[in-house]
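Q: I would like a close look at one aromatic contact and its setting. Please give a careful, connected account, moving outward from that contact to the elements around it.

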Amino acid sequence: MTLPVATLDHVVINARDDMDRAADIYTRLGFTLTERGYHSLGSINHLAMFGTDYLELIAVPKGATSGRLDLLTFPFGLNGLVFGSEDSAITYGSLSKAGVPIEPPVEFTRPVKVDGKERDARFRTVRMKAGVVPYGRVYYCHHFTRDLVWRDEWRHHKNGVVAIQRALIVEPEPAAGAKLYADMFGPESVRDIKGGKTVVVGNSRFDIVTEAALKAEFGDAAPDAEDRKAYMAGLTFRTVSLAKAVSALKEGKVDFVQSSGRIVVPARQAVNAVLEFIE
């Protein structure tokens with residue numbers, strides 16, 4: 001049996017029903033956002049596209065009474081970690097055989113304007129069953145229309161970001177939390193780190209750490225846990241230039257702390273997700 005290869009597709013910041021605020025904040029953080037998208041499932045989004053992965057802001061329209069109302073059950077902040085799939089049917093089949101608790105693929109669309117014309121971007125996702133992941137949503141995304149998503153005109157950002165380097169997950173028992181990823185990708189994808197475990201995801205990684213380890217690294221810049229024992233805490237971005245990131249953050253009037261080799265934006269400045277920028 002061949003397990004899927006771990007590749008990062010995108011990460012998701014949940015804006016609940018306040019997309020205008022989230023889009024303003026992430027624009028001031030120096031990201032170039034795509035036009036607002038409207039999913040056939042009822043959610044809305046903006047994307048910040050990088051080399052091979054991207055950041056998604058997701059929400060439901062204010063006053064929505066149908067559609068993706070599940071987004072309102074999660075706090076603001078990092079809420080989704082999404083792996084890439086070249087073939088969702090094969091991904092579903094191989095994970096099911098491996099005993100990973102996975103739901104059958106679901107297909108949906110989103111209109112995209114390209115060169116003045118509207119076309120439908122098509123996706124199929126394969127999600128974990130409800131209750132499997134205590135800290136948010138973990139799933140796979142199969143793109144049928146990559147040319148409508150990864151476009152060079154959307155990849156240039158004032159902050160110089162070109163890739164997602166790391167996602168941070170808080171788990172009281174990191175080893176127990178890492179078991180799902182060992183089942184999904186094989187035990188060799190999980191490594192020991194100080195304060196927990198890390199999952200190798202292509203050129204990126206997911207660090208699963210205790211809350212004490214998170215606070216030791218980020219102090220009061222860490223997000224509000226809102227009484228959660230397990231939660232997605234933040235992201236590390238790779239930028240071509242820390243100087244560019246500093247310039248963008250100053251222009252956006254965003255508070256940050258710069259130390260040797262990194263910039264940290266407190267979670268309270270970034271929709272409850274701590275952000276780190278490195279070269």
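A: In this predicted model, Phe 31 is buried, at 3% relative accessibility, and Phe 50 is likewise buried, with a relative accessible area of 1%. A search of the whole structure finds 14 aromatic pairs. In the pair made by Phe 31 and Phe 50, the ring centres are 6.1 Å apart and the planes stand at 55°, so the pair is classed as tilted. Phe 31 comes from the loop between helix H1 (19-28) and E2, while Phe 50 comes from the loop between strand E3 (44-49) and strand E4 (54-59), so the contact ties together parts that are 19 residues apart in sequence. Ring pairs also join Phe 31 and Phe 50 with Tyr 26, Phe 237 and Phe 277 into a cluster.

The loops that hold the pair are flanked by strands of an open sheet of 8 strands, ordered E2-E3-E4-E1-E5-E8-E7-E6 with mixed pairing. Strand E2 (37-38) and strand E6 (106-114) stand at its edges with a single partner strand each, so one side of each has no neighbour in the sheet. E6 runs antiparallel to strand E7 (residues 117-127), to which 9 bridges join it, and across this pairing Thr 109 stands opposite Arg 122 in E7. The loop between E6 and E7 contains Asp 115, which has a positive phi of about 55° although it is not a glycine, and which is exposed, with a relative accessible area of 70%. For context, most residues other than glycine have a negative phi. Glu 226 shows a positive phi of about 50° and is not a glycine either; this residue sits in the loop between helix H4 (211-218) and strand E13 (231-239) and, at 39% relative accessibility, is partly exposed.

A further open sheet has 8 strands in the order E10-E11-E12-E9-E13-E16-E15-E14, again with mixed pairing. Its edges are strand E10 (190-193) and E14, each with a single partner strand, so one side of each is left without a neighbour in the sheet, and the twist averages 25° from one strand to the next. Within this sheet, strand E9 (residues 161-170) pairs with E13 in the antiparallel sense over 8 bridges, and Ala 167 faces Leu 235 in E13.

Towards the other end of the order, strand E14 (residues 257-259) pairs with E15 in the antiparallel sense over 3 bridges, one of which has Ser 259 and Arg 262 as partners. The two strands form a hairpin with 2 residues between them, and Gly 261 in the turn has a positive phi of about 80°. E15 also pairs antiparallel with strand E16 (residues 274-278) over 3 bridges, with Val 264 opposite Glu 276 in E16. In a regular strand the side chains alternate between the two faces of the sheet. In E15 (residues 262-265) both faces are covered, since Arg 262 and Val 264 on one side and Ile 263 and Val 265 on the other are all buried.

One helix touches strands of both sheets: H3 (residues 174-185) lies across strand E5 (77-84) and strand E8 (137-143), at about 25° to E8, and also across E9, E10, strand E11 (196-201) and strand E12 (204-209), at about 145° to E12. Returning to rings, Arg 127 lies over the face of Tyr 139, 4.0 Å from the ring centre, and Arg 146 lies over the face of Trp 150, at 4.2 Å from the ring centre.

Methods: Residues numbered from 1 in each chain as written. Heavy atoms only, no water. Buried < 20%, exposed > 50% of the residue type's maximum accessible area, 1.4 Å probe, protein only. Helix = DSSP H or I, 4+ residues; strand = E, 2+ residues; numbered from the N terminus. Pairing = 2+ DSSP bridges. Contact = heavy atoms within 4.5 Å. Axes fitted to C-alpha atoms, helices over the stretch in contact; angles between N-to-C directions. Phe/Tyr/Trp six-rings, centres within 6.5 Å; stacked < 30°, edge-to-face > 60°. Lys NZ or Arg CZ within 6 Å of the ring centre and 35° of its normal.
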